[in-house]
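Trainee: Got a minute to go through this model with me? I'd like to talk about how its helices and strands pack.

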Amino acid sequence: MQAEIKICGLSTEESVEAAIAAGATHIGLVHFPPSPRHVDLATAGRLRALARGRVKVALLSVNAEVEAMSRMLEAVMPDVVQLHGSETPEWAALLRDKMPVEVWKALGVKDAATLEKSRRYEGAVDRLLFDAPAAALPGGNGEAFDWRLLAEFDHTIPWGLAGGLTADNVGAAIAATGAKLVDTSSGVERAPGVKDAAKIAAFCAAAHSA
Ligand SMILES: O=C(O)c1ccccc1NCC(=O)[C@H](O)[C@H](O)COP(=O)(O)O
């Protein structure tokens, strides 16, 4: 079965259309002002409307408080909220309980202990997204981590793989880890925050043929 594909950090209509045309299953909209991929809520709402019924939309946030989160969800009504900060299992579970969205938690994988600690999110989230550890940004840094850690781990929560994935390495990443969802951002850009339709197409083709 083909892996699901999330193209993250989209900010224009053209890039949304490119991801859909290439066969992505999910797109990600980053609402985090320090990021070069940040979209304001009006733009996120517009892109979400364009994608509705065609591809699932994840809204990314970093340590949003209750009021900010409510505003974001009301404005965008995403399918998924992706928590990309230090959000606790309790906060994730509350969101999942109260809001009509899937809740995903991104975790920066340093070592096997990170994966053991991820079990705290059992029952609290719909999916974990294993990514490289935070660097200049909490995510979207174009760095990979040691995929062997995922292959050796006994997963009990649905999960996806992110971090430094490109058309050139996504096949190997799927083969090494068995990932059922792969996520990329920098790997399909020509400059930070500027997506490249040809790279999106190449990434999706490589993931599909893995
Ligand atoms: O992409 C960002 O700028 C970003 C900012 C703040 C929080 C999360 C962010 N991105 C998260 C993603 O889901 C990325 O797709 C993921 O980290 C992989 O990024 P990359 O290594 O660049 O492919």
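**Packing Q&A**

Trainee: Is strand β3 mostly covered or mostly exposed?
Mentor: Keep in mind that this is a predicted model. A residue counts as buried with 20 or more other C-beta atoms within 10 Å of its own. In β3, residues 56-61, 5 of the 6 residues are buried, so by that cut-off the strand is mostly covered.

Trainee: And which residue of β3 is the bridge partner of Gly 28?
Mentor: Start with the pairing: strand β2 (residues 26-30) runs parallel to β3, and 5 bridges join them. Within β3, the partner of Gly 28 is Ala 58.

Trainee: On to the helices: are α1 and α8 roughly parallel or oblique to each other?
Mentor: Helix α1 (residues 13-22) and helix α8 (residues 197-208) have axes that come within 9 Å and cross at roughly 25°. Angles under 35 degrees count as roughly parallel. So α1 and α8 are roughly parallel.

Trainee: How many nonpolar residues does that contact of α1 with α8 have?
Mentor: From α1 you get Ala 18, Ala 19 and Ala 22, and they meet Ala 197, Ile 200, Ala 201 and Cys 204 of α8. By class there are no polar and no charged residues, and the nonpolar count is 7.

Trainee: What about α2 and α3, roughly parallel or oblique?
Mentor: Helix α2 (residues 41-51) packs on helix α3 (residues 66-76) at about 40°, with the axes 8 Å apart. Roughly parallel needs an angle under 35 degrees. That's why α2 and α3 come out as oblique.

Conventions
Residues are numbered from 1 along each chain as its sequence is written. This is a predicted model: local features need pLDDT of at least 70, side-chain atom pairs count only at pLDDT 80 or more; totals for chains, interfaces and linings use all residues. Axes are lines fitted to C-alpha atoms, for helices over the stretch in contact, and angles run from 0 to 180 degrees between N-to-C directions. Helices (H or I, at least four residues) and strands (E, at least two) are DSSP runs, numbered from the N terminus. Angles under 35 degrees count as roughly parallel, over 145 as roughly antiparallel, 65 to 115 as roughly perpendicular and the rest as oblique. Two residues are in contact if their C-beta atoms, placed from the backbone, lie within 7 Å. Ala, Val, Leu, Ile, Met, Phe, Trp, Tyr, Cys and Pro count as nonpolar, Asp, Glu, Lys and Arg as charged, and the others, Gly among them, as polar. A residue is buried if 20 or more other C-beta atoms lie within 10 Å of its own, exposed if 12 or fewer, and partly exposed in between; C-beta atoms are placed from the backbone. Two strands pair if DSSP finds at least two bridges between them.
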